[in-house]
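This report describes the fold, the interior and several local features of one protein chain. The sequence and the structure are shown first.

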Amino acid sequence: MDPIEFLVRTPPFDALDDRELDILRRSLEIVVLPPGHRILTRAGVVTEHLYVIRKGTARLENDGIVIMVLDEGETFGAPTTIVEAQASLDVVADEELLAYRLPRATVERLLQNRDFNSFFTARLAERLRRTAERLRDTPSGAGLTGPIGDLIARNLVTVAEDASVGDAA
């Protein structure tokens with residue numbers, strides 16, 4: 001199946017118009033990655049691409065703990081590509097992975113489509129929730145969930161409203 005045919009059947013790419021699909025078509029890259037290949041590294045280099053899995057699976061990991069397994073049609077790299085940040089999780093090919101890769105400039109143009117943009121906002125919220133649940137009882141998850149009061153180590157310090165920054169310090 002042609003990559004574009006696959007993508008137009010896959011959210012959020014199914015929301016793109018003909019002009020946006022043409023942008024997608026001109027910049028799409030196809031990559032094949034071997035099992036065990038570390039595609040993104042937590043706190044590594046800034047991600048330059050959004051990936052869409054065509055065939056195979058990839059694991060999202062935190063300190064070796066599998067947070068989620070992604071398969072056909074799922075994406076990764078969006079949060080780090082969109083905000084030009086380091087990955088917060090490792091992404092590892094679980095088996096041979098055939099993926100479509102989109103450069104940051106293309107993703108930025110496609111994000112102007114409201115439905116495309118909303119998809120990634122909702123997906124990020126869901127992944128954050130699942131990560132917090134999965135790491136709740138591990139050293140990596142300390143402070144991710146629970147009452148904020150549990151994180152406070154000392155009493156609140158206040159200063160007068162008219163105090164200078166030097167006085168507050």
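## Strand pairing and the β4–β5 hairpin

Two strands are taken as paired if DSSP finds at least two bridges between them. The model is predicted, and in it strands β4 (residues 58-62) and β5 (residues 65-70) run antiparallel and are joined by five bridges. Ala-58 stands opposite Leu-70 of β5.

The hairpin of β4 and β5 has two residues between its strands, and Asp-63 takes a positive phi near 50° there. Asp-63 belongs to the loop between β4 and β5. Most residues other than glycine have a negative phi. Asp-63 is not a glycine, yet its phi is positive, at about 50°. With a relative accessible area of 49%, Asp-63 is partly exposed, because the exposed class begins over 50%.

## Overall architecture

The protein chain contains six helices and eight strands. Read from the N terminus, its elements follow the order α-α-β-β-β-β-β-β-α-β-β-α-α-α. Of the 169 residues in the chain, 40% are buried.

Among contacts between residues at least 6 apart in sequence, 74% join residues at least 24 apart. The chain exposes about 10100 Å², and carbon and sulfur atoms supply 50% of this area.

## Nonpolar cores

The largest nonpolar core comprises 19 residues, and Leu-7, Phe-13 and Leu-24 have the most contacts inside it. At least two residues of this core come from each of α1, α2, β3, β8 (97-103), α4 (104-110) and α5. When residues up to four places away in sequence are not counted, Leu-7 touches Phe-13, Asp-14, Leu-24, Leu-28, Val-52 and Tyr-100.

A second core, separate from the largest one, has 18 residues. Its members include Ile-53, Ala-58, Leu-97 and Ala-99. Ala-58 is also the residue that stands opposite Leu-70 in the hairpin described above.

## Aromatic pairs

A pair of aromatic rings is described by the distance of the centres and the angle of the planes. With ring centres required to lie within 6.5 Å, the count comes to five aromatic pairs. One of them joins Phe-13 and Phe-116, with 5.5 Å from centre to centre and 70° between the planes. This pair is edge-to-face, because that class covers planes over 60 degrees apart. Phe-13 lies in the loop between α1 (3-7) and α2 (18-27) and Phe-116 in helix α5 (residues 114-135), so the pair ties together parts that are 103 residues apart in sequence. Phe-13 is buried at 0% relative accessibility, and Phe-116 is likewise buried, with a relative accessible area of 0%.

In the pair of Tyr-51 and Phe-76, the ring centres are 4.8 Å apart and the planes are at 5°, so the rings are stacked. Tyr-51 belongs to strand β3 (residues 49-55) and Phe-76 to strand β6 (residues 75-76), so this pair ties together parts that are 25 residues apart in sequence. Both Tyr-51 and Phe-76 are buried. Ring pairs also link Phe-13, Phe-116, Phe-119 and Phe-120 into a cluster.

## Strand β3 and the loop before it

His-49 is located in strand β3. Its relative accessible area is 17%, so it counts as buried, because the limit for that class is under 20%. Leaving aside neighbours within four places in sequence, His-49 is in contact with Glu-29, Phe-76, Gly-77, Thr-81, Arg-101, Leu-102 and Pro-103. Phe-76, one of these contacts, is also the stacking partner of Tyr-51.

Val-45 is found in the loop between β2 (38-40) and β3. In contrast to the buried His-49, Val-45 is exposed, at 71% relative accessibility. The C-alpha atoms of Val-45 and Gln-86 are separated by 5.8 Å, although these residues are 41 residues apart along the chain.

## A cis peptide bond

Most peptide bonds are trans. The bond between Pro-11 and Pro-12 is cis, with omega about 5°. Pro-12 is placed in the loop between α1 and α2, and Phe-13 of the edge-to-face pair lies in that loop as well.

Technical notes: Residues numbered from 1 in each chain as written. Predicted model: local features only at pLDDT ≥ 70, side-chain atom pairs only at ≥ 80, totals over all residues. Heavy atoms only, no water. Phe/Tyr/Trp six-rings, centres within 6.5 Å; stacked < 30°, edge-to-face > 60°. Helix = DSSP H or I, 4+ residues; strand = E, 2+ residues; numbered from the N terminus. Buried < 20%, exposed > 50% of the residue type's maximum accessible area, 1.4 Å probe, protein only. Core = buried A, V, L, I, M, F, W, Y, C linked by side-chain atoms within 4.5 Å. Contact = heavy atoms within 4.5 Å. Areas by Shrake-Rupley, 256 points an atom, 1.4 Å probe, with all protein chains shown as cover.
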